[in-house]
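Student: I am new to this structure and should like to examine it with you. May we begin once it is displayed?

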Amino acid sequence: MTRIIEVDCVVAGGGPAGMMAGLLFARAGIRTAVLEKHGDFLRDFRGDTVHPSTLEIMHELGMGERFLKRPHQPMGVLAGTFGNETLEIADFSSLPVRSRFIAFMPQWHFLDFLASEAAVFPGFSLHMETEATHLLKEGNRVAGVRAETPGGPVEFRAGLTIAADGRGSVLRDQSELKVSVLGAPIDVMWFRAARPQDDATHSLLNANKGRIVVTIDRGDYLQCALVIAKGGADKVVEADLDAFRDTVTSAVPKLRGQLDDLKSMDDVKLLTVAVDRLERWAQPGLLMIGDAAHAMSPIGGVGINLAIQDAVAAANLLAPKLRDGSLKDDDLQLVRKRRLSAVRATQFVQVQAQNRIIDPIIKGDRGTQKAPLPLRIVARIPWMKRLFARLVGLGFRPEHVNSPDVRCS
């Protein structure tokens with residue numbers, strides 16, 4: 001027998017966009033259910049980069065100090081190493097925000113924090129091991145979702161359904177909303193490495209001999225990503241583990257002897273990179289946000305932060321109307337109208353970086369890598385370094401929280 005749960009808003013997906021949307025709508029006094037298909041948040045190969053724009057939102061919500069008590073590594077300067085040369089290409093110290101750094105925080109801590117903060121609101125409920133599989137329709141309008149749980153199917157009926165179930169969104173496929181594919185010439189292979197003892201100057205981006213490796217500081221170890229040509233994963237996997245280690249250390253010599261924890265290629269996980277966006281983000285009763293609305297390249301680590309911005313905009317624009325019963329289906333289009341310019345601009349920059357900087361390196365020769373000219377220029381001109389920091393740290397249209405708080409009403 002199918003159980004039925006009635007709420008005002010159901011959010012499919014417990015990632016950054018979904019958890020932030022759930023928190024903000026519940027904060028506005030709206031009965032909100034967030035559905036997460038896994039039993040916990042412990043997926044190791046998710047984005048870690050919490051940018052100053054997102055940290056500022058945490059401060060606006062009065063959560064900033066509590067948030068920064070969670071394990072994280074602050075990065076105030078963005079540096080890249082090309083061959084034997086290290087360049088500082090962004091300095092966040094002059095940004096007009098309270099936390100002038102990127103916080104590298106394992107995403108399970110980030111999501112667990114949002115869940116714990118949302119739990120104080122009586123209208124919030126988080127349903128783990130609950131996978132949204134079908135849109136519920138009443139005529140031509142979405143009226144919620146059907147979900148599979150260990151206890152059997154459940155129907156969540158709601159006046160507003162938010163799909164935040166990622167780039168592989170099942171609900172996006174069912175909605176039949178059209179997708180514009182911008183393309184990506186790269187994929188990424190994630191793995192762990194022991195942190196070198198003498199890693200005093202940490203570079204996020206490391207390029208040499210036609211290889212690019214990203215190294216994310218997680219305190220006692222490094223979360224790493226080898227950038228490969230699109231479709232090249234099978235070739236990498238078919239090679240032996242020693243060949244993989246050699247490939248990595250050719251770009252990051254300091255990782256020699258730090259990859260012993262890699263026991264087989266099963267310890268290396270593929271992220272298929274996609275850059276796309278929906279032509280429309282909504283239909284009656286349904287709103288798409290985050291990667292479900294626009295898949296981002298990992299370049300710049302901005303995906304989490306764009307998703308958070310979507311959630312904030314959605315709550316700002318829709319929560320007051322949903323709460324007082326005046327929300328109309330046409331209102332859902334306001335979120336795309338608000339966020340589209342920032343998404344377009346960010347994706348344009350990502351595609352240019354992919355095509356003009358990343359792809360030429362990984363398809364180039366195996367000699368000592370020189371820094372691309374655009375990055376050399378940025379590193380040498382202080383005002384350009386500050387501009388690049390603003391682009392990376394705040395994005396094109398940072399959002400600010402102005403949705404209601406039931407504790408203040």
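Tutor: Buried means under 20% relative accessible area, exposed over 50%, and partly exposed in between (1.4 Å probe, protein chains only). The model is predicted, so that local features need pLDDT of at least 70 and side-chain atom pairs count only at pLDDT 80 or more, while totals for chains, interfaces and linings use all residues. Residues are numbered from 1 along each chain as its sequence is written, and side-chain values use heavy atoms, leaving out hydrogens and water.

Student: Is K209 buried, partly exposed or exposed?

Tutor: K209 lies in the loop between β16 (205-208) and β17 (211-217); strands (E, at least two residues) and helices (H or I, at least four) are DSSP runs, numbered from the N terminus. Phi of K209 is near 50°, a positive value in a residue other than glycine. Because its relative accessibility is 32%, K209 counts as partly exposed.

Student: How are α8 and α9 oriented to one another?

Tutor: The axes of α8 (residues 303-324) and α9 (residues 333-362) come within 9 Å and cross at roughly 165°. Axes are lines fitted to C-alpha atoms, for helices over the stretch in contact, and angles run from 0 to 180 degrees between N-to-C directions. Angles over 145 degrees count as roughly antiparallel, under 35 as roughly parallel, 65 to 115 as roughly perpendicular and the rest as oblique. Therefore α8 is, relative to α9, roughly antiparallel.

Student: Which helix gives the largest share of the largest nonpolar core?

Tutor: A nonpolar core is a set of buried Ala, Val, Leu, Ile, Met, Phe, Trp, Tyr and Cys residues joined through side-chain atoms within 4.5 Å. The largest has 80 residues. Its largest share, 11 residues, comes from helix α8.
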